[in-house]
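Trainee: I am new to this structure. Could you walk me through it, one question at a time?

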Amino acid sequence: MQNNVKGIFDSFNEYLVKEHELRTEIRDIVRDIDQAAKEAAIVLQIIHSSMADVSAACAKARTIFETCREGYGKLAALIPAGQYYRYHDHWHYMTQRIVFLIALTIYLEKGFLVNRVTAAEILGLTVDQQNGFHLDIEDYLVGILQLASELSRYAVNSVIMGDYEKPLMISKFVADLNSGFRLLNLKNDSLRKRFDALKYDVKKIEEIVYDISIRGLRTEVTSPAASSVPAAEPHVDQAKQT
């Protein structure tokens with residue numbers, strides 16, 4: 001092989017080796033973050049079987065998010081400047097799941113929708129693409145859509161546990177969420193398909209509320225807690241409070 005040809009392919013090989021090593025490091029970090037996210041998901045499943053343990057589950061999930069935050073810090077330090085989307089496929093599904101878990105935790109604690117800025121800050125990220133490693137807007141939106149599906153399940157199990165007010169609150173919250181998404185001109189195919197599933201979540205919750213109403217289980221006077229629950233996050237710092 002001629003020296004100039006060998007030199008060209010040696011440079012290619014060096015690049016490929018470094019690329020493989022970088023992706024291996026990324027996968028190792030992502031695996032650790034994903035494991036923490038699974039632990040948070042398991043902790044939060046208690047909401048479907050015990051109303052008394054919800055606060056403790058949220059507090060535990062918050063500590064797990066700190067582990068996720070450390071992992072994202074490692075990723076941010078590892079990814080070369082300007083190459084976020086080159087490696088985005090390694091963590092975007094995981095990030096969507098973690099945004100969902102954060103949104104669920106804050107809804108359970110405060111009763112409102114976490115905004116993108118707060119979700120990013122909990123993970124030690126920014127929302128500005130110019131700053132490098134950030135919380136992608138589509139990852140945030142998909143996470144919020146996952147929240148709607150989980151809340152429809154939560155509404156069913158709340159009735160089973162004898163809480164007939166919570167489905168009414170969830171119904172209003174998810175209806176507001178649906179209205180918000182309808183304002184968006186969704187071009188991403190996967191995001192649009194996920195949004196299409198939201199109407200089934202809305203319908204499922206509406207049927208639960210209807211069943212509660214016709215059985216006379218719905219209270220005529222809305223409780224102060226229910227009437228005072230905001231649909232959207234009033235302030236970043238308030239949402240970050242434990």
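**Charged pairs and their surroundings**

Mentor: This is a predicted model. Start with lysine 172 and aspartate 176, whose side chains meet in a salt bridge, 3.1 Å from N to O.

Trainee: About how many helical turns separate lysine 172 and aspartate 176?
Mentor: Both residues lie in helix H7, which spans residues 166–182. They are four residues apart, so the separation is about one helical turn.

Trainee: Is lysine 172 buried or exposed?
Mentor: Look at its relative accessibility, which is 53%. Exposed means over 50%. Lysine 172 therefore counts as exposed.

Trainee: And what is the relative accessible area of aspartate 176?
Mentor: Aspartate 176 is partly exposed. That class lies between the 20% and 50% limits. Its relative accessible area is 33%.

Trainee: How many salt bridges does the structure hold?
Mentor: The pair of lysine 172 and aspartate 176 is one salt bridge. Aspartate 28 and arginine 31 form another, at 2.8 Å from N to O. The structure's total is ten.

Trainee: Which helix holds both aspartate 28 and arginine 31?
Mentor: The two are three residues apart, about one turn of the helix. Both lie in helix H1.

Trainee: How many residues apart are glutamate 19 and arginine 86?
Mentor: Their side chains meet in a salt bridge, 3.3 Å from N to O. The pair links distant parts of the chain: glutamate 19 is in helix H1, arginine 86 in helix H3. Along the chain they are apart by 67 residues.

Trainee: Is glutamate 19 buried or exposed?
Mentor: Its relative accessibility is 13%. Buried means under 20%. So glutamate 19 counts as buried.

Trainee: Which residues are linked with Arg23 in a network of salt bridges?
Mentor: We have already met a bridge between glutamate 19 and arginine 86. The network takes in both of these along with Arg23. The partners are Glu19 and Arg86.

Trainee: Which residues does glutamate 150 contact, leaving aside neighbours within four places in sequence?
Mentor: Glutamate 150 is in helix H6. At 12% relative accessibility, it counts as buried. Its C-alpha atom is 9.1 Å from that of phenylalanine 100, 50 residues apart along the chain. The contacts are Gln45, His48, Phe100 and Leu104.

Trainee: Which residues form a nonpolar patch on the surface?
Mentor: One member, phenylalanine 12, is in helix H1 and counts as partly exposed at 46% relative accessibility. Together the patch residues have about 370 Å² of accessible area. They are Val5, Ile8, Phe9 and Phe12.

How values were computed: Residues numbered from 1 in each chain as written. Predicted model: local features only at pLDDT ≥ 70, side-chain atom pairs only at ≥ 80, totals over all residues. Heavy atoms only, no water. Buried < 20%, exposed > 50% of the residue type's maximum accessible area, 1.4 Å probe, protein only. Contact = heavy atoms within 4.5 Å. Patch = residues over 30% accessible without salt bridge, like charges linked within 9 Å, V, L, I, M, F, W, Y side chains within 5 Å. Areas by Shrake-Rupley, 256 points an atom, 1.4 Å probe, with all protein chains shown as cover. Salt bridge = Lys/Arg side-chain N within 4 Å of Asp/Glu carboxyl O.
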